[in-house]
Amino acid sequence: MTGRTGAGPGTTASPGQLGLWLFLSTEVMMFGALLLAITLARLGRSGAAPFDKGLGAANTAILLTSSLLVAVAVERSGPCSGPGRARLPLVGAAALGVAFLAVKAVEYRADFAKGLVPGPDLFVNLYYVATALHAVHLTIGVALLAGLALVRPQPSTVEAAGLYWHFVDLVWVFLYPALYLVPG
Amino acid sequence: MDRRLKGLLTVWLLLLALLGATFGLSFLPWGAWGNAASLGIAAAKAALIVTVFMRLGASQPLVRLAAGAGLFWLTILMALTLADVLTRV
Amino acid sequence: MTATSTDPGTGTGAARAAFDPRPYTAAGHTLRSWLTTTDHKRVAILYLIAITGFFALGAVGAVLVRLELATPRPDLLSAETYNRAFTMHGIVMVWFFLIPSIPNVFGNFLIPLMIGARDLAFPRLNLLSWYIYVLAGLFTIVTLVKGGVDTGWTFYTPLSTQFANGHVLLAAAGVFTAGFSSILTGLNFIVTIHTMRAPGMTWFRLPIFVWSHYATSILLVLATPVLAMALILIVAERGFGVGIFDPRLGGDPLLFQHLFWFYSHPAVYIMVLPAMGVVTELISTFAGRAVFGYRFVAYASLAIAALGFLVWGHHMFVSGQSMYASVVFSFLSFLVAVPSAVKVYNWAATLYRAEIRFTAPLLYGLSFIGLFVFGGLTGLILASLALDVHAHDTTFVVAHFHYIMVGGAVTAYLGAMHFWWPKITGRLYPDALAKLSVLLLYVGFNLTFFPQYILGWLGMPRRYHEYPAEFQVWHLLSTAGAGLLAFAYLLPLVYLPWSLRWGQRAGPNPWGATGLEWRVPSPPPTHNFDRIPTVTWEAYTPEATAETKDTPP
Ligand SMILES: [Cu+2]
C-alpha cells in the first residue's frame, strides 16, 4: 500500500494504481495513433496482408498465456499467500515473453526471405514500426518480470508490473488483426 | 483463492477460443465484414483482459475513469481524422 | 474525511514527528542538496532556473529574426540561417519554456501548498521529470546551434523527412524525450489533486489555480503521447527510410499534420489554462472578493480542456483537408470561445465595483486579459473557413498566436512571479520598478505584434526573410517594439534577484490573499504544514485569511 491521506472526499484509489492507469492511458494514445496510421494504410491498399498469420496467432496465444501466468502471480503475491509463491508464474511469463521474441525473430527472417523488407511498401513499413515498438515494450516487460522473480517484491509492485504486462498483451491483441488479418 | 484461479483459467480458455475464432474466420471470404468480425473479437478479448486480468471490473470508479480516458480521447482522434480522410474529394 | 491531522500528506510519519520549522531554502545550501532534492518547492526552483535559461536562448532566435526583418533585403542572415533561427526560437520557446513554464514552476511549488499536502504524490518522479527536461533541453539546444534545423517547430512532412537539411532526427529525439517530462508532471498533478487534498478540502473549495492545473494535466497526459508517435514516425521515415507519410508509397502527409495538431492545438491550452488560473487568483486577491461564478470558472477549465481536443483541424483548412471536416473543425473552434469568454466575463464581474488595489501583479493580470482577448478574437478570424484562406501562413497568424502565447501565457507567468515571489523567497521587490516593467511589456508587446497583424493582412508571408520595401515601416515598428519588450523582460531579472538580498522581508501573507499557501511562513518550511489543516471554509472567503492577516503593502 502506498501512503495515502484518504483526505479527498469520495476518493479511495491508491496513488500508485491511479498513476499507473494514467500512464497506461498515455500508452493507449501513443499506440492508438499508430493504429490510426495502420487504418489509413489499410484503406489505401487492396489485397490480403502478406504476413504469416499462423505465426501471428501462435504469438497471440503465447502472450495470452503469459498474461494468465501474470494474473496468477498477482493473485499469489497477495497478503494471504506465502512468500515466493509468485516466483514460478513470473518466471514462466517472462520465458513466454522471450518465446514471443524468438518467434518474432523467425518471422522477420521469413519476411525478409519473401522480400518483405522495410522501405518500398507503406503497409509493410508500418508493420515493422508497430512490431518493433511492441517488441521494445515487451522487452522492458520481460526485464521487469524477471527482476521481480529475483527479489521478494511488494504485492503492489507485482500488481503494477502485471498491469504493464497485460497492457503489452492488449496492444498485441489489436496489432494482430490490424496487421495480419486483412481480407483479400 | 481457488475460485479466483478457476475464473482466471476460464477467461484464458475463452481468450484462446476467441483467438481460434478470429483465426478461423479470417479464411472465410467475408470482405469488409471480416474486418468488423476481427475488430469485434479483438475488442471482446480486450474487455476480458481489462476487466478480469487487470481487475478493472473490481476497481474504484476513479481508476476506471483514468483507464477510460485514453480510450475516449483515442476515439476522438480516430473519428475526426477519419472524418477528414473518408470525405475528401 | 476520516483521516486526521496526524496523518501527514507524504505518508512519512517520521517527518511529522520532528517538524522542522526552518524554511525550505535552509534545508541545504550545497549544489548537491539542490540536485538531489525531492521537495516540490526546491524542484520548482530548479525549474525556474532552467526555464529562465531556455527562455534566454529562445529569445536569441527571436532577436536574430527581428534584426533580419528590419530591412527588406536579406543582409544579416542567409535564408538557411534565418530558417534555423526561427526554428530554434519556436522549438525552444514552445517545448522548453512555454509548456513547462507555469505548471512546472508555480504548479509544482503551489499545488501541494494550496491543497494542504506536504508534497506531490510522487516526489522522486517530480525530480526525474526535471532531469529529463533539462537533459532533453540541453541536447536539443546543442542540436539546434550546431547543425541546426530549418523545418520550423512544426516538422511538417515531407519537408522534414525528405528535403530538410540539418539535424531533424536529433531535434525530434530531443522533443520526444522532453515529452516524458510533460507526461510525468501531468500524471503527478492529477494523482496529487485526487488523493492528497487536506481533510475538508473538497473539489469546490479548491482554488481555481488548482482546477486549471488539473485540466492542464489531462492535456499533458493525453495529448503528448500522440506527438511522441508523430515524432517516432518521422524518425522512422527520415532515419531508416521506412516511408510512412511518403505520398509515393500511398502515405498521407496530412496524417502527420493530424497527429501533430492533435497535440499542438491542446498545447496552446497547456500554456493558457495555467495562465488563466494565475489570473483568477490575481483578480480575486486584488479585488478583495471571491471569484464571481466560481463553479462556472472551474467547469470552464475542464470545458476548455475537453473542447481543445476537438478543434485541431483548423490548422489545416488550406492543406487539402476534406471540406466537410473543415466545416466541423471550424464550428468546434468557435465553440471553444464560449468557456474562454465565461472566464473573461467572470473576471470582469469579480472586478466590477470592487475596491481594486492596482499592484504590479494585478497589472500583469489585467495585461493578460487585454492581450488574450485580442489574440482570441483574431483567432476567430482564423477559425473562419473563408477568412483563413486569406490570412493563412501570413504574419497575421504569427501575431495571433503570439498574443495568446506571449501576451497571454508569458505575461501571466510574470504575473505569477510577482504575486508569489514573496511567498517563494520571503522578500518583497520594488513595486515601482515592477509597475514600470508591466508598462514596458504592454507597450512593447503591442508595438511588436500589432504591426504583424497589419502586415499579414497586407499579404506578408510568415517565415520569409525578405520582403517588398513598402512593408518596411511595419517591420521596423515591430523590431523596435521587440527592443522595448526585451527591456520589459530584463528588468525583473535585475530587481528580483536584487530583492533576494536587499528586498524588504515579507510576512506570510503580504497581499491579504486567501488560499492555504498564505497561511504558512514565507518561505514555507520544508514540510509545508506543521499540522495538516482541516478546511472548513469555502474558497476565496475571508475566513481563509483569518489567522494570517498581514499588512498589505
Ligand atoms: Cu489551434
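Which residue takes a positive phi just after α12(C)? Keep that in mind while selecting residues 323-351 of chain C, the helix α12, in what is a predicted model.

Start with the length of this helix: at 1.5 Å a residue, its 29 residues should span 42 Å, and because the end C-alpha atoms are 43 Å apart, the expectation and the model agree. Next, zoom in on the start of α12(C), where a side-chain oxygen of C:Ser322 comes to within 3.1 Å of the backbone nitrogen of C:Tyr324. Then move to the other end and select C:Arg353, which answers the opening question, since this residue, just after α12(C), has a positive phi of about 60°.

Staying in chain C, select residues 431-458, which form helix α16, together with residues 472-502, which form helix α17; their axes come within 7 Å and cross at roughly 155°. Angles over 145 degrees count as roughly antiparallel, and α16(C) is therefore roughly antiparallel to α17(C). Viewed as a pair, α16(C) passes α17(C) in a left-handed crossing, and if you colour the residues of their contact by type, you will find 24 nonpolar, 7 polar and no charged.

Finally, turn to chain B, where an unreviewed UniProt entry carries the annotation "transmembrane region" for residues 34-53 and 65-83. Select residues 34-53 of chain B, a span that is 100% helix and 0% strand, with its end C-alpha atoms 27 Å apart. Then select residues 65-83 of chain B, where the span is again 100% helix and 0% strand, and where the end C-alpha atoms lie 26 Å apart.

Note on methods: Residues numbered from 1 in each chain as written. Chains lettered and ligands numbered in written order. Predicted model: local features only at pLDDT ≥ 70, side-chain atom pairs only at ≥ 80, totals over all residues. Heavy atoms only, no water. Axes fitted to C-alpha atoms, helices over the stretch in contact; angles between N-to-C directions. Helix = DSSP H or I, 4+ residues; strand = E, 2+ residues; numbered from the N terminus. Parallel < 35°, antiparallel > 145°, perpendicular 65-115°, else oblique. Left-handed = near helix turned anticlockwise from the far one by under 90°. Nonpolar A, V, L, I, M, F, W, Y, C, P; charged D, E, K, R; others polar. UniProt positions renumbered as here; feature names shortened; annotations may be inferred. Expected span 1.5 Å × (residues − 1). Polar contact = N/O pair within 3.5 Å; in protein donor to acceptor, adjacent residues only side chain to side chain.
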